[in-house]
Amino acid sequence: MGVDASAASAAPASGSLPALGLGSLLLIVVSVTLLWLRRKPAGQAVPKVVKVERIAAAQPEEEDHRKRLAVFFGTQTGTAEGFAKAVAEEARARYGDAVAVDVIDLDEYAADDDEYADKLPREAHALFFTATYGDGEPTDNAARFMKWIAELSEGEEDASRELLAKVQYGIFGLGNRQYENFNSVAKQLDKVMASLGAIRILRTGFGDDDACIEDDFAAWKESLWPALDPLLSSSDQDLSTSAVPYNAGIPEYRVRIHSADEATPAAEPELAAIPGAGHDIHKPVRGVVALQRELHAAGSDRSCVHLEFEVPGRALSYEAGDHVGVFAENSDEVVGEAAQLLGVALDTVFSLESDAGHHASLPEPFPCPISVRVALARYTDLLSSPKKAALLALAEHAASAQEAERLRHLAGPRGKDEYAEWVVAAQRSLLEVLAAFPSARPPLGVFFAAVAPRLQPRYYSISSSPALHPSRIHVTCAVVQEPTPTGRVHHGVASSWMKRAIPSLSSVLPGPGHASWAPIFVRSSSFKLPRDPLTPVVMVGPGTGLAPFRGFLQERHARIQKGEKLGPALLFYGCRHRDKDYLYKEELDAFVASGALNGLHVAVSREGPTKVYVQHLMQQQATSVWNVLASSKKGGANGVLYVCGDAKHMAKDVHRALHQIVQQQECCGGTEAEEFVKQLQSEGRYHRDVW
Ligand SMILES: Cc1cc2nc3c(=O)[nH]c(=O)nc-3n(C[C@H](O)[C@H](O)[C@H](O)COP(=O)(O)OP(=O)(O)OC[C@H]3O[C@@H](n4cnc5c(N)ncnc54)[C@H](O)[C@@H]3O)c2cc1C
Ligand SMILES: NC(=O)c1ccc[n+]([C@@H]2O[C@H](COP(=O)([O-])OP(=O)(O)OC[C@H]3O[C@@H](n4cnc5c(N)ncnc54)[C@H](OP(=O)(O)O)[C@@H]3O)[C@@H](O)[C@H]2O)c1
Ligand SMILES: Cc1cc2nc3c(=O)[nH]c(=O)nc-3n(C[C@H](O)[C@H](O)[C@H](O)COP(=O)(O)O)c2cc1C
């Protein structure tokens, strides 16, 4: 967190609260009346009003004889969950009490494989919203389910073939076409569901968030209802209203304003956490910045930060190759601008509350009471482009009819191209959009519920090994500073926070208010050194892709110190200029000297007449690479290849280069090379940690 965030939340309130129309700091309850009902512009069709029940972790209800629709989601940053909730809400409005609709986190659905096997076959109607991440992998909350169902479909047993014969399903995948494995989780799920006898009721949707994923979702939804109606509607139900587009209400929290001294520091992660307590995204621990330094030389026009989080008492265990999740904060400037645009004082202390019967898409409130300053800094995504639903919420609170109309147009089907251009392509942040519509001033309860999404944690490949740093987690972070088409410079939220972070001056933990800290957690990964230390490895990691390999090399160094024998390790690293952005040069040289690294190949891209990239050096070293990767039957060493860093360009190009190396070394065609690479992957000898 920023320096002394808790002090900020406890600071006395100053000034009045003009935007809320409050003259005093008396406890005030802001009504939950849905404003879209209150402010409906004349001539607009009345949207269906839906009061939805709080969503519970669901299971097929034995005693509930209603039809049931299970809406599953696999999400990392909430989009899939949002779509799942939106569909559930619409289904409840459409089918009423005749159908029990549940929104279900795939991880929470079952405690183990047996429970999945027991419950899923009894779901007569199931919808899946699943995002793809990393190297075509499922989200954390879908990983266990996907592993179970994939293994089941690969099983030999005939019984499995018909296991899901009673399940009728639909899938909407969330992905991004820029990644090599576009929507691979949705594709795989579709395949395995079908192989287990389940019946697909509509074409699988492939959302692309490189364009406008909300439009993809809307298009898929159009074919969803005709597919579901015959299955779920009762004969006496009138679905003629389906011609009127369903309009979800705008979610809103109830807001209580407190006196300034009521602000308690909002549920801070414990400083002295219990060792082995299993910290995760829901239970982060306080990581104090012990060290921070710039890795680029003075002449560089970019910045890459080395940062060390101190976690006392070994509360957070990790392995080289794991990721650390960091909840960073927005800068004071961004927070100040947001408060100004919203017309609220930073020191206002408030609580958010949601009723048991709250709106389906309303997320749990963040810990309250809280000051506006801390809520905006810690919990609010202010710099991403607003979703269409946010524009609709803003429209409801625009005093100017013209602005309201423009916002609705941008969010509606006729404004599709303008939204794509004016919001997405222009990378307009939420703050820029708020500034462009000065009359649109949502109250806090609407702003946090419907306009600004939650700030998500950022992940980093840990660049240290516990063998050398048992209580510290190192991060190697490229600072994002990108000019956008509107002339704004986008300062990446987390990377800029790391750039600003104030380290504690000594290795002894400082008192509060001195060093920067952030809630952090470790996410384990399969990107690990081979179990057998004699297995040779090839590591490919230009730029910050070097991060996990620094951890690997520290691990190897520690083993060498203990007298262990290790297989050879080659590293292909890349930077623009040797004297500006060659990360950890001295350390890499020292690893070569100690024998932890046996071949260091550095591709410098901007010093010669043509670009030299890691894949070019791999091709130059094709024989050495092949000797490591080829199977022992072919005289190779059965070694392991690791690639880390940029997914959109580098990892794809390295993947292609690998095929070329195989073709050249094996004197084989493209198909055989592809086979070899697939085999390498299935044997766990080709790992990618790409983002
Ligand atoms: C598994 C994993 C491991 C990772 N490991 C590392 C690592 O070791 N080192 C490292 O440096 N990074 C790593 N990353 C990336 C890291 O998680 C962050 O994405 C990165 O630091 C940028 O975060 P940020 O908050 O600074 O930037 P953000 O504010 O999130 O912006 C990031 C990007 O989003 C785009 N963007 C989003 N909104 C806007 C907007 N409104 N205007 C303009 N652009 C916008 C831009 O393209 C920008 O570059 C990893 C990611 C993953 C998933
Ligand atoms: N999504 C995010 O949040 C995020 C965060 C950090 C970085 N990034 C992106 O990730 C990429 C890597 O960033 P970085 O700071 O770690 O490294 P970097 O310093 O930008 O790049 C390291 C080296 O890789 C080279 N390179 C560029 N394209 C390549 C390709 N297709 N194949 C192989 N090498 C290539 C670069 O050359 P040239 O530059 O000379 O072409 C440079 O020499 C950048 O595109 C950056 O924008 C994204
Ligand atoms: C680090 C990272 C890796 C990703 N990898 C893939 C990928 O391999 N394939 C793909 O189709 N989409 C990929 N995506 C895109 C996400 O699936 C997409 O943003 C999706 O909307 C996220 O949904 P969620 O908010 O529910 O997690 C990736 C996104 C990020 C941030």
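**Note on a predicted model with three ligands and two open sheets**

1. Six strands make up an open sheet with antiparallel pairing, in the order β15-β12-β19-β10-β11-β16. The edge positions belong to β15 and β16; each has a single partner strand, so one side of each is left without a neighbour in the sheet. From one strand to the next, the twist averages 40°. The model is a predicted one, and the points below should be read with that in mind.

2. Inside this sheet, β10 (residues 285-294) and β19 (residues 517-523) pair in the antiparallel sense, over four bridges. One residue pair can be checked directly: Gly287 has Ala518 in β19 as its bridge partner.

3. A helix packs on the antiparallel sheet. Helix α18 (residues 547-561) lies across β11 (304-310), β15 and β16. The helix runs at about 145° to β16.

4. Which residues are closest to ligand 1? They are Leu383, Tyr459, Tyr460, Arg488 and Ser495, out of 24 residues that surround the ligand. By class, this shell holds 10 nonpolar, 10 polar and four charged residues.

5. The polar contacts of ligand 1 involve both side-chain and backbone atoms. A polar side-chain atom of Tyr460 is 2.6 Å from an oxygen atom of ligand 1. A polar backbone atom of Val493 lies 3.0 Å from an oxygen atom of the ligand, and a backbone N or O atom of Ser461 lies 3.1 Å from a nitrogen atom of it. Ligand 1 exposes 960 Å² when taken alone, and the protein buries 79% of that.

6. Three elements give two or more residues to the shell around ligand 1: β15 (458-461), β16 (472-478) and α17 (493-500). The largest share, four residues, comes from β15. Both β15 and β16 are the edge strands of the antiparallel sheet, and helix α18 lies across both of them as well as β11.

7. The other sheet is also open, but its pairing is parallel: five strands in the order β22-β21-β20-β23-β24. Here β22 (599-604) and β24 (686-690) are at the edges with a single partner strand each, so one side of each is left without a neighbour in the sheet. Neighbouring strands are turned by 10° against each other on average, direction ignored.

8. Within the parallel sheet, β20 (residues 537-540) and β21 (residues 569-575) pair over four bridges in the parallel sense. Val538 stands opposite Leu570 in β21. Helix α23 (residues 650-666) lies across β20, β23 (640-645) and β24, and runs at about 155° to β23.

9. Ligand 2 has 17 residues around it, of which Thr544, Ser605, Arg606, Lys611 and Tyr613 come nearest. Which side chains place a polar atom by an oxygen atom of ligand 2? Among them, an N or O atom in the side chain of Ser605 is 2.7 Å from such an oxygen, a polar side-chain atom of Lys611 is 2.8 Å from one, and a polar side-chain atom of Arg302 is 3.0 Å from one.

10. On its own, ligand 2 has 880 Å² of accessible area, and the protein covers 70% of this. The elements that give two or more residues to its shell are β21 and α23. This links ligand 2 to elements already described: β21 pairs with β20, and α23 lies across β20, β23 and β24. The shell consists of five nonpolar, six polar and six charged residues.

11. Around ligand 3 there are 21 residues, and Thr75, Thr77, Thr79, Thr132 and Asp209 come nearest. Three of these threonines place a polar side-chain atom by an oxygen atom of the ligand: Thr75 at 2.5 Å, Thr77 at 2.4 Å and Thr79 at 2.6 Å. Taken alone, ligand 3 exposes 650 Å², of which the protein buries 87%.

12. Where does the shell around ligand 3 come from? The elements that give two or more residues to it are α3 (79-95), β4 (125-133) and β6 (168-175). Of these, β4 gives the most, with three residues. Divided by class, the shell around ligand 3 has eight nonpolar residues, 12 polar and one charged.

Note on methods. Residues numbered from 1 in each chain as written. Chains lettered and ligands numbered in written order. Predicted model: local features only at pLDDT ≥ 70, side-chain atom pairs only at ≥ 80, totals over all residues. Heavy atoms only, no water. Near = heavy atom within 4 Å. Polar contact = N/O pair within 3.5 Å; in protein donor to acceptor, adjacent residues only side chain to side chain. Areas by Shrake-Rupley, 256 points an atom, 1.4 Å probe, with all protein chains shown as cover. Nonpolar A, V, L, I, M, F, W, Y, C, P; charged D, E, K, R; others polar. Pairing = 2+ DSSP bridges. Axes fitted to C-alpha atoms, helices over the stretch in contact; angles between N-to-C directions. Contact = heavy atoms within 4.5 Å.
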